[in-house]
Amino acid sequence: MALAGRTAVWWARLRSPCPAAAPLCLPPWLPAGPAACQRLYSSRGKEKIDMSTYPVENIRNFSIIAHVDHGKSTLADRLLEITGTIAKTDRNKQVLDKLQVERERGITVKAQSASLFYSHEGVNYLLNLIDTPGHVDFSYEVSRSLSACQGVILVVDANEGIQAQTVANFYLAFEAQLAIIPVINKIDLKNADPERVEKQIEKLFDIPIDECVRISAKQGTNVEKVLQKVIEKIPPPHCSTTDPLKALVFDSTFDHYRGVIANIALFGGEIQKGHKIVSAHTEKRYEVSEVGILTPNEQPTHKLYAGQVGYLIAGMKEVTEAQIGDTLFLYKHPVEPLPGFKSAKPMVFAGMYPVDQTEYNNLRSALERLTLNDSSVTVHRDSSLALGAGWRLGFLGLLHMEVFNQRLEQEYNMSVILTAPTVPYKAILSSAKLIKEYGKAEITIINPAQFPDKLSVSEYLEPTVLGTIVTPHDYIGKIITLCQERRAVQKDMLYIDEHRVMLKYLFPLNEIVVDFYDALKSLSSGYASFDYEDAGYQAADLIKMDILLNGNPVEELATIIHNDKAYATGKFLCERLKDAIPRQLFEIAIQAAIGKKIIARETLKAYRKNVVAKCYGGDITRRMKLLKRQAEGKKLMRKIGNVEVPRDAFIRVLKRQTDK
Amino acid sequence: SAPCPQWPYCRQRCSYCNFNKYVVPVVDEAAVRACLVREARTLLRLSQVQRWVLGGILGGSGPFGACPQPPHPLPYSITSVFFGGGTPSLASPRTIAAVLEAAVGTAHLPAGAEVTLEANPSSAGSSRLAGFRAAGVNRLSIGVQSLDDAELRLLGREHTAAEAWGAVEAARGLFPGRTSIDLLFGLPGQSCGAWARGLEVALGLCDDHVSLYQLTLERGTALAGKVWGGALPTPPQDLLADMYQTARAMLVAAGFRHYEVSNFARKGALSTHNLSYWRAEQYIGVGPGAHGRFVPRGEGGCSREARVQALEPDAWMREVQSRGHGTRRRVVLSPLEQLEEVLALGLRTDEGITHERWGHFSPHLSLEAAFGAPGEAEALQQQGWLVLDGG
């Protein structure tokens, strides 16, 4: 599960498996703490840190959470510098804007960990920073990371104030009963208004103003104070080395040379090389070959002790063996497994096809490699008469989908056709026959072809999300209208200060998967922020809409939509098709239909072709070539009834529109 | 057969034309003439066909066409000659005469055979035209294109509407019933009404043959650059089709037979030479860039070949001087390719493809056998696009 953001990529580079390349991209490490004489960047075969010098009471496990661009990564860099974990250089800034994905969209970072050594009032502390992804799509991962923590640093931009993700992240931490340290960042900016932000924090989160720390991560102002707060406010983990081993797998990565590297948090006992361990989930037995801490590259240690966070290598060959949320214990010393996590459920589905079918195998291997580190993407083989062989992929959200697609392009140089995203619907069956057939009464529908008829269904259900919008109040009117158009129901509206409003709406998920975020950004001149969380399923008046060409249904264009949206969607699809299908020898009726009822129609007039161009004296070769090319083109077309539809037309209609 | 000698030179470049043509200050006409004569002789001997059309160089294309002729001491007979271009009317009547003499000296050219010359209004004064007639030309095809000065300027034509008018009148006086005019429609910004009015004027001027061409924007031409660059509007497909239908209706009402998609004739003034292309007969291209289709029986060949002469005049001349001809490319057409050409060209005419002609190219598979079976052709027949009648 690797969704690389800036930090992730940089860290990944630091632990590059290629020894020859490694020194080139390494910043010079400063010796630090008790490991002062060691070369921290070396992960193999060096002297090891003795972790027993850090008893539980001297350990703090924490995360930084923030809205996109509020400075989480910059603060993390400063913390690493101050504790001597990385060198203080300008390069720590350059790495931040590495990925195009990141610049274009709010970024996601794979949960990363770094152990910091910090001495405060004569005591040596081990501070484990567990970085979290910064986007809503990955709230699942955020909660996963938080499960290894006792506290969080909540970073808020002194200029922008509380944003939608700040709210979402706060509640994740709050519900996990973690200590929260509010930090107001970017106080060096001209428009910074920390007082206002402090008031917002007080009003919305009920945190006293005097608990906020004002900092400038960029300039390093007050960052030490943040570290002191971490030590003071965040409790040490509650556990003991005398308990039996109990380790939570909160992340895993795959290394082609060493196999699975599992990130673990120890909730009891200790672990070292040679220990025989068992996975509570798979009940498989392994022998530990290496343990260590992340600084942030892997740094082997003799042992890890209760309360500590680090990594483990134990001969696991596949990421699925290191199931995230799994509990590891010592062979013959079983423990009550930790609560673990629900597996991440895909919320958004999209078809992915190679642009050229000859690229199918290359794309398959790229997908395999990419999903190796991102188990939250579900992959099912699919094929479309128009687009050929491909896959139906399930993503945690839109950004996840985009990041995945962009990584395919950037890291694997694969160009793909990604169809417009859809959401998983459900139906409660009433027909005894169907219930028997499916073996259950409630079924999930991903493909419109599986949509059961209304007569055999007692209720259709659609997924919903609870959306949080934070906006300057000037845009409220427009935003409320937008939300109503998207069938959203207002749940809450709160002024977080004189100028800013937080709105909460319950949205049908399918109403936001395509272009909601862009619409919101554009009508608020970029000022409104949006975040959402899963809110379960609700009953919905769903229908299946068919697209007909001269009366013949086009399988790949069938869609499941809400009744209220049928007319508009039908009209839109017909118009798009009219532009995309080339005119032919006869008139073509393009219709949208629900059952037998036609709800929209466009007519494509017959082709009127120029055959009267002057033929150059006897040069018919060129004309024959043109005719041949036309005939070749026809072979590539999909025939629906007598209508020939080029693949390109399907692509234009099915493809996700990013330029809207 | 039908020789089509090409004269590759023009005085200026029209804004829409991408034909193989050259605008040079001075043409060594004697040298070009000698080469045309030599190549015509060489290729006529090589083809040895009994029916052929010679088309060619003086800037153009055209076949020397061949029809069935009564037995004659010379084994080969020419059905028609077409001087295309370029602008062949820029050549001197002497050159035209020399090529025709060469043809007569090598093959039989019956007295009444059609000999067409393409002419531009700016190089078609009465005395020149009389000279061409004396040289043996008996049909004229005049590139009028438009009778509107603004449109002529847009097309980059050298002449004015008044000059075109004068040239056509002069030609009709010298070649009565055998003067054709070319008209272009679908100019950027042209309305259907303006086109109809222009055609109305042209109908008051023309003789018994009119060719209508839709302007095709060709890559690399000045006009296409302006349209694709957005400086001029792109004529919409439906408007173009309406213009064509309007013109067709007007010409038919004026007594013209729409005998080929672009060609209209009345009083039987069909172009023999062009019909030989559409009927997939043999033709010989002579001159730079000329195309031919014939069986080189003179060297023992028995397959129809597609032939192209060297494009560039100087290179072409060098080759003719050293080898007797400037053929750069010869491709043997497979039986299927030949049938494709028979179909694609024959379906442009109102007579279509006769069972006889089809049988000539496809002795073993009849039209019924090829197109009567269920399939795409049958669907086209049901929709009225294709007619297959009994043999």
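**Exercise 1. A hairpin in chain A**

How many residues does the hairpin use to join β24(A) to β25(A)? Work out the pairing of the two strands as well.

*Solution.* This is a predicted model, so every step below rests on computed values. Begin with the connection: four residues link β24(A) to β25(A) in a hairpin. Next, take the strands themselves. β24 covers residues 489-495 of chain A and β25 covers residues 500-508, and they pair in the antiparallel sense over six bridges. To find your place in the ladder, look for A:Gln490, which stands opposite A:Tyr505 in β25(A).

**Exercise 2. An open sheet and its helix**

Find which strands stand at the edges of the sheet β18-β19-β17-β20 (chain A), then see what packs on this sheet.

*Solution.* Write down the order: the four strands run β18-β19-β17-β20 in chain A, with antiparallel pairing, and the sheet is open. The edge strands are therefore β18 (378-384) and β20 (416-418), because each has a single partner strand and one side left without a neighbour in the sheet. On average, neighbouring strands here are turned by 30° against each other, direction ignored.

Now zoom in on one pair. β18(A) meets β19 (residues 388-395) in the antiparallel sense, over seven bridges. Within this pair, A:Thr378 stands opposite A:Gly394. Finally, add the helix: α11 (residues 398-412) of chain A packs on the sheet and touches β17 (348-354), β19 and β20. The direction of α11 makes about 20° with that of β17(A).

**Exercise 3. Checking a helix**

Test whether the length of α7 (residues 164-175) of chain A agrees with its number of residues.

*Solution.* Helix α7(A) has twelve residues, and at 1.5 Å a residue they should span 16 Å. The C-alpha atoms at its ends are 17 Å apart, which agrees. Then look at burial: the buried residues of this helix are A:Ala164, A:Gln165, A:Thr166, A:Val167, A:Ala168, A:Asn169, A:Phe170 and A:Ala173. Just after the helix, A:Gln177 takes a positive phi of about 55°.

**Exercise 4. An arginine in chain B**

Is B:Arg357 buried or exposed, and what does it touch?

*Solution.* First locate B:Arg357 in helix α12 (residues 355-361) of chain B. Its relative accessibility is 12%, so B:Arg357 counts as buried, the cut-off being under 20%. Leaving aside residues up to four places away in sequence, B:Arg357 touches B:Trp278, B:Arg279, B:Gly346, B:Glu351 and B:Gly352. For B:Gly352 there is a further detail: its backbone oxygen lies 3.3 Å from a polar atom of the B:Arg357 side chain.

Note on methods. Residues are numbered from 1 along each chain as its sequence is written. Chains are lettered from A and ligands numbered from 1 in the order in which they are written. This is a predicted model: local features need pLDDT of at least 70, side-chain atom pairs count only at pLDDT 80 or more; totals for chains, interfaces and linings use all residues. Side-chain values use heavy atoms; hydrogens and water are left out. Two strands pair if DSSP finds at least two bridges between them. Axes are lines fitted to C-alpha atoms, for helices over the stretch in contact, and angles run from 0 to 180 degrees between N-to-C directions. Contact means heavy atoms within 4.5 Å. Buried means under 20% relative accessible area, exposed over 50%, partly exposed in between (1.4 Å probe, protein chains only). A polar contact is a pair of N or O atoms within 3.5 Å; within protein, one must be able to donate a hydrogen and the other to accept it, and residues adjacent in sequence count only if both atoms are side-chain atoms. The expected span of a helix is 1.5 Å times one less than its number of residues.
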